[in-house]
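Hi everyone, thanks for coming along. Let me put the structure up, and then we can walk through it together.

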Amino acid sequence: MPGRHIPPDPSLGDERTLGGYMAVHARPAAFEGSDGMSYSVEVLASETGERDRPWGGYLLFLRWSRVGQSAVEGHLESDYLVFADTEDEARAAAGRLSLWQTKDVLEALVRRDYGGAPARRWWDAMRAEDGT
């Protein structure tokens, strides 16, 4: 299926925030991590089990394969970043993180889980006979 271009609609939010960017551009925000991999991000919320802060908002980063057909090859998940009384409030609060704050969360997770070093550079993959 060919891609389609949807023009941004700045009336839908502040594109400097994660939720605003996603609303204005009608797609998830995407980042390149210090490991050289591409990530898209989703804002999620779940129940915390805590009476005083029943819902927590967090970020899920999908790590995309570098070579071959576009596919998810892993993910990184933040701890709760915000707390609220309802699921919608928790998602909205996490969506108010700036894009810079979101990138900082990604970098902390990359350092924690992958050491921040590129797993494989694109030119190394291209040299491989089988393309992997």
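The buried residues of H1 are covered by, among others, S2, S3, H2 and H3. Those labels are DSSP runs, numbered from the N terminus: helices are H or I with at least four residues, strands are E with at least two. Contact, here and below, means heavy atoms within 4.5 Å. A quick word on where this comes from: it is a predicted model, where local features need pLDDT of at least 70, side-chain atom pairs count only at pLDDT 80 or more, and totals for chains, interfaces and linings use all residues. Residues are numbered from 1 along each chain as its sequence is written, and side-chain values use heavy atoms, with hydrogens and water left out.

Back to H1, which spans 18-25. Six of its eight residues are buried, namely Leu18, Gly20, Tyr21, Met22, Val24 and His25. Buried means under 20% relative accessible area, exposed means over 50%, and partly exposed is in between, using a 1.4 Å probe and protein chains only. Just after H1, Ala26 has a positive phi of about 55°.

Now, what caps the N-terminal end of H1? That is Thr17, with a side-chain oxygen 3.0 Å from the backbone nitrogen of Gly20. On top of that, a polar atom of the Thr17 side chain sits 2.9 Å from the backbone oxygen of Asp14. For polar contacts, the rule is a pair of N or O atoms within 3.5 Å; within protein, one must be able to donate a hydrogen and the other to accept it, and residues adjacent in sequence count only if both atoms are side-chain atoms. Thr17 counts as buried because its relative accessible area is 17%. Leaving out residues up to four places away in sequence, Thr17 touches Gly95, Arg96, Leu97, Ser98 and Leu99.

Next, the core. The largest nonpolar core has 20 residues, and those with the most contacts inside it are Leu18, Tyr39, Val41, Leu59, Phe61, Leu76 and Leu106. H1, S2, S3, H2 and H3 each give two or more residues, and H3 provides the largest share, four residues. By nonpolar core I mean a set of buried Ala, Val, Leu, Ile, Met, Phe, Trp, Tyr and Cys residues joined through side-chain atoms within 4.5 Å. Take Leu76: setting aside neighbours within four places in sequence, its contacts include Tyr39, Leu59, Phe61 and Leu106.

That brings us to H3, residues 99-114, which reaches 21 Å from first C-alpha to last, close to the expected 22 Å. That expectation is 1.5 Å times one less than the number of residues. Thr102, Val105, Leu106, Glu107, Leu109 and Val110 are its buried residues. Right after H3, Gly115 takes a positive phi of about 75°.

You may have spotted a glutamate in that buried list. What does Glu107 meet in a salt bridge? Its partner is Lys103, at 2.7 Å, N to O. A salt bridge is a side-chain nitrogen of Lys or Arg within 4 Å of a carboxyl oxygen of Asp or Glu. The two lie four residues apart in H3, about one turn of the helix. An α-helix has 3.6 residues a turn, so residues three or four places apart point the same way. Glu107 is buried at 12% relative accessible area, while Lys103 is partly exposed at 22%. Elsewhere, salt bridges that share partners join Asp35, Arg63 and Glu73 into one network. The structure holds seven salt bridges.
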